[in-house]
Every structure is written in structure tokens, then in C-alpha cells.
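Here are a few notes to read alongside the model. I have set them out as numbered points, so you can check each one on screen as you go.

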Amino acid sequence: MTNRISKEFKLDRSTALRRLLTKGIEEDKKETAIELYLKREITIEGAAKFADIYIGEFLELLKSKGIELNLTLEDYKAGLKNLKSIWK
């Protein structure tokens, strides 16, 4: 697979491998964040931070996978806190 990618994108093999690994790690972090969120072990904000993406991106990721939100009072309070800090 790295040979095909390195040829297709005109990259040396080690660069192609690094990119594949980076992409895999990013995807794994997103999937793990979703799992933790669904188990209610972390909030939306925590899941987004875990996945290294913005909250809006995490919400879009959930939507794209057909996952409904598990909004808790803690999530709501965290959102209000964020809004208050933005509007100061």
C-alpha cells in the first residue's frame, strides 16, 4: 500500500508511511473519543479535545455516523461557560 501511495502522490516511501500512520492515529483518536462519549465517560468537549478537533467538528462526526447526542447537564453548563467567555 505504501508503494502505491508513494507513487500516486510522488512521495518517498518513508514520507508515505508517516502520512498513513498519522492518518490512522487521527482516525483511531476520533473513534476512541466516540466510544468514550457513548459510554458517558467523557463529555462532548472532552471527546473533542481527546480527538484533537473542535467541538463543532466532533458534532459533525457524530452526525455523519448517525449518532444522537447524549447531552448532559454538564455538557450544557460547559457550553454556557464557553459562550460567556467568548462574549466578554
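1. Let's begin with a helix pair in this predicted model. Helix α2 (residues 13-38) and helix α4 (residues 55-64) have axes that come within 11 Å and cross at roughly 80°. That crossing falls in the 65 to 115 degree range, and α2 and α4 are therefore roughly perpendicular to each other.

2. Which residues in α2 and α4 meet? From α2 come K30, A33, I34 and Y37, and they meet F58, L61 and L62 of α4. By class, the residues of this contact divide into six nonpolar, no polar and one charged.

3. The helix contact is worth viewing together with the core. Eleven may look like a long list, but here are the 11 residues of the largest nonpolar core: A33, I34, Y37, I44, A47, A48, A51, I53, F58, L61 and L62. Two or more of these residues come from each of α2, α3 (44-50) and α4. As general background, nonpolar side chains in soluble globular proteins tend to be buried together.

4. Y37 deserves a closer look, being listed both in the α2 contact with α4 and in the largest nonpolar core. Leaving aside neighbours within four places in sequence, Y37 is in contact with I42, T43, I44, A47, F58, L62, L69, N70 and L71.

5. Now for two backbone points in the loops. Most residues other than glycine have a negative phi. R40, in the loop between α2 and α3, has a positive phi near 60°. Its relative accessibility is 54%, so R40 counts as exposed.

6. The loop between α3 and α4 holds D52, which is not a glycine either and has a positive phi of about 60°. Is D52 buried or exposed? With a relative accessible area of 57%, D52 is exposed.

7. Stepping back to the whole chain, there are five helices and zero strands, and the order from the N terminus is α-α-α-α-α. The C-alpha atoms fill a box of roughly 50 × 30 × 20 Å along the principal axes. The radius of gyration is 17 Å, whereas a compact globule of 88 residues would have one near 12 Å.

8. Two last percentages may be handy. Buried residues make up 24% of the 88 residues in the chain. Among contacts with a separation of 6 or more, 39% are between residues 24 or more positions apart.

Notes
Residues are numbered from 1 along each chain as its sequence is written. This is a predicted model: local features need pLDDT of at least 70, side-chain atom pairs count only at pLDDT 80 or more; totals for chains, interfaces and linings use all residues. Side-chain values use heavy atoms; hydrogens and water are left out. Axes are lines fitted to C-alpha atoms, for helices over the stretch in contact, and angles run from 0 to 180 degrees between N-to-C directions. Helices (H or I, at least four residues) and strands (E, at least two) are DSSP runs, numbered from the N terminus. Angles under 35 degrees count as roughly parallel, over 145 as roughly antiparallel, 65 to 115 as roughly perpendicular and the rest as oblique. Contact means heavy atoms within 4.5 Å. Ala, Val, Leu, Ile, Met, Phe, Trp, Tyr, Cys and Pro count as nonpolar, Asp, Glu, Lys and Arg as charged, and the others, Gly among them, as polar. A nonpolar core is a set of buried Ala, Val, Leu, Ile, Met, Phe, Trp, Tyr and Cys residues joined through side-chain atoms within 4.5 Å. Buried means under 20% relative accessible area, exposed over 50%, partly exposed in between (1.4 Å probe, protein chains only). The radius of gyration is taken over C-alpha atoms; the globule rule is 2.2 Å times the number of residues to the power 0.38.
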